[in-house]
Amino acid sequence: MKKFRKLVSILSAVSIGASMLCVPVADAVESKGSLVILGDSISSGYGLEEGEYNYGEILGEYFDYDTENFAVPGLTTAGLIEKLADDNVKNAVSEADMIVISIGGNDFITTARDVIEDKYGEIVNISDINAVFALFKSDVIKALSTLGALYSVQFPSACDTAIANIEQISSTISELNPDATVVFQNIYDPFQLDEEKYQKYILEDEQYASGYRGIKRAVYYNINALKTYEGSYPISFNVRIRDAVGNAHVADICSAFTADEVRDDDLTKPYGYVSYFTDVFDAYDRDFHPNQKGHLEIAAAILEELGVKESANRKMRAVYNRLSAEEKSSYPELRVNNLRLYAEASSVLKGDYNHDGIVNASDSSDVLAHYADESAGQTIEISKDIFVSSDVNGDDVINASDASKILYYYAELSAGRNPVWD
């Protein structure tokens, strides 16, 4: 009877508390170190919406590091060499516990832009695939000749320069901070398509006349035909960067964004999940920067490369939980288990706020008290493990809804049933 009265009392409190505003829990975890992000638009979070997290923010929260992001959209390897001479950057790098670098892609993008502008005499935004195809459509032979020269001559030269610069970047960072964990990223291919995406976004795009589709088909397949190990983008670059960075790590973003069982010796066929991790084939402007799912995947790929033990986190978990059911079901099969490992980890039993090894009415009561104190403006210091285990609905706040779910779970246990967290 006492147990029943306690349940009724807590249920009443939960009912009252549910009408209160949801107040985000303050991040009271003390920083354990510092993370420095260097590089280009990918690491800057270019294209993300307000309230979305770039992967630097996700990693910083994961490791409990303060994060400084010095990334600049459009930065090349030569530009990063110059940036490392800046006193603010040098000081941050010298004191960092971890340094993560995305660089190299713009060396190829600027090369392509220069070649196209030289051939056509027009300034073009090379990241706007529609604009590039519009330039190509009037002369198929000229377009294919331009691409042939680009992949066989200019890209190999750009690759040589980028790799030499990365060697210098790696050496400079090592001199500034020989003890930091350093992670470089390789580059992914924005022209990865599966057959379904190719048909939908290239052949059946109603924005263009039927004749325009022909040039798209010709250009697309010739681009893929030129992507060989003897070429330089992105395959050769991604192979050579591992030697260029010495003892630093290289996170394999290219494979993460491919996430498919493809033959490495046959690069002439559409492949990959760039259409999932970017909006390049889902929006008219064809932006190939990572979307929120892409930043989530880059963070997971870096954690995988480092071989870190999965631990409680909030941002990665919050981003994963915000994915729709359709997005979760279509997440590339070869990557989703790795993501879940990091996104859902906590060493504390789910629902066990007081960390006593069991889930009961006391946990529900404590969660409600926590919520009431936060709503009153108090800062409640709890570990990320306790936060993640108590935020049972995964919305990145601890509130009356969590208390109610914990109480329901306990009631089901008390009735001899086997409840599960939905």
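1. Disulfides. A search of the whole structure finds zero disulfides. The model is a predicted one. Two cysteines may be noted in this context: Cys159 is buried, at 0% relative accessibility, and Cys254 is buried as well, with a relative accessible area of 10%. Both values fall under the 20% limit that defines a buried residue. A disulfide is a covalent bond between the sulfur atoms of two cysteines; no such pair is found in this structure.

2. Overall composition. The protein chain contains 20 helices and five strands. Of its 422 residues, 51% are buried. Among contacts with a separation of 6 or more, 76% are between residues 24 or more positions apart. The chain exposes about 19,400 Å², of which carbon and sulfur atoms supply 48%.

3. The largest nonpolar core. In soluble globular proteins, nonpolar side chains tend to be buried together. Here the largest nonpolar core has 44 residues, and Leu38, Ile99, Ile101, Ile173 and Phe237 have the most contacts inside it. At least two residues each come from the strands β1 (33-39), β3 (98-102) and β4 (181-185), and likewise from the helices α5 (87-95), α6 (105-120), α7 (129-136), α8 (140-176) and α11 (235-244). Helix α8 gives the most, with 12 residues.

4. Leu38 and the second core. Which residues does Leu38 touch, not counting those up to four places away in sequence? The list comprises Ser43, Phe70, Ala71, Leu80, Leu84, Val89, Val93, Ile99, Val100, Ile101, Ser102 and Ile173. A second, separate core has 40 residues, including Tyr188, Ile253, Leu306 and Met316.

5. Tyr55. This residue is found in helix α3 (residues 55-63). Is Tyr55 buried or exposed? Tyr55 counts as buried because its relative accessible area is 0%. Leaving out residues up to four places away in sequence, Tyr55 touches Ile42, Ser43, Val100, Ser102, Gln185, His295, Ile298, Ala299 and Ile302. With Gln185, the side chain of Tyr55 makes a polar contact of 2.5 Å. Tyr55 and Lys315 are 260 residues apart in sequence, yet their C-alpha atoms are 9.6 Å apart in space.

6. Salt bridges and the network at α3. Side chains of opposite charge can pair when their charged atoms come close. The structure holds 11 salt bridges. One of them joins Lys32 and Asp64, with the closest N and O atoms 3.4 Å apart. Lys32 lies in the loop between α1 (2-17) and β1, and Asp64 in the loop between α3 and β2 (65-69), so the pair ties together parts that are 32 residues apart in sequence. The two partners differ in accessibility: Lys32 is exposed, at 63%, whereas Asp64 is buried, at 12%. Another salt bridge is formed by Lys384 and Glu61, where the closest N and O atoms are 3.6 Å apart. This pair links distant parts of the chain, as Lys384 is in helix α19 (residues 384-390) and Glu61 in helix α3, 323 residues apart. Both Lys384 and Glu61 are buried. Lys32, Glu61, Asp64 and Lys384 are linked in a network of salt bridges.

7. Arg113 and Asp114. The side chains of Arg113 and Asp114 also meet in a salt bridge, at 3.6 Å from N to O. Arg113 is partly exposed, at 31% relative accessibility, and Asp114 is likewise partly exposed, with a relative accessible area of 43%.

8. Asn291. This residue is found in the loop between α13 (274-277) and α14 (292-306). Asn291 counts as buried because its relative accessibility is 9%. What does the side chain of Asn291 reach at 3.1 Å? The partner is the backbone oxygen of Tyr276. Apart from neighbours within four places in sequence, Asn291 is in contact with Leu48, Tyr276, Phe277, Thr278 and Asp279.

Key
Residues are numbered from 1 along each chain as its sequence is written. This is a predicted model: local features need pLDDT of at least 70, side-chain atom pairs count only at pLDDT 80 or more; totals for chains, interfaces and linings use all residues. Side-chain values use heavy atoms; hydrogens and water are left out. Helices (H or I, at least four residues) and strands (E, at least two) are DSSP runs, numbered from the N terminus. Buried means under 20% relative accessible area, exposed over 50%, partly exposed in between (1.4 Å probe, protein chains only). Contact means heavy atoms within 4.5 Å. A polar contact is a pair of N or O atoms within 3.5 Å; within protein, one must be able to donate a hydrogen and the other to accept it, and residues adjacent in sequence count only if both atoms are side-chain atoms. A nonpolar core is a set of buried Ala, Val, Leu, Ile, Met, Phe, Trp, Tyr and Cys residues joined through side-chain atoms within 4.5 Å. A salt bridge is a side-chain nitrogen of Lys or Arg within 4 Å of a carboxyl oxygen of Asp or Glu. Accessible areas come from the Shrake-Rupley method with a 1.4 Å probe; for residues, only the protein chains shown count as cover. A disulfide is a pair of cysteine sulfur atoms within 2.5 Å.
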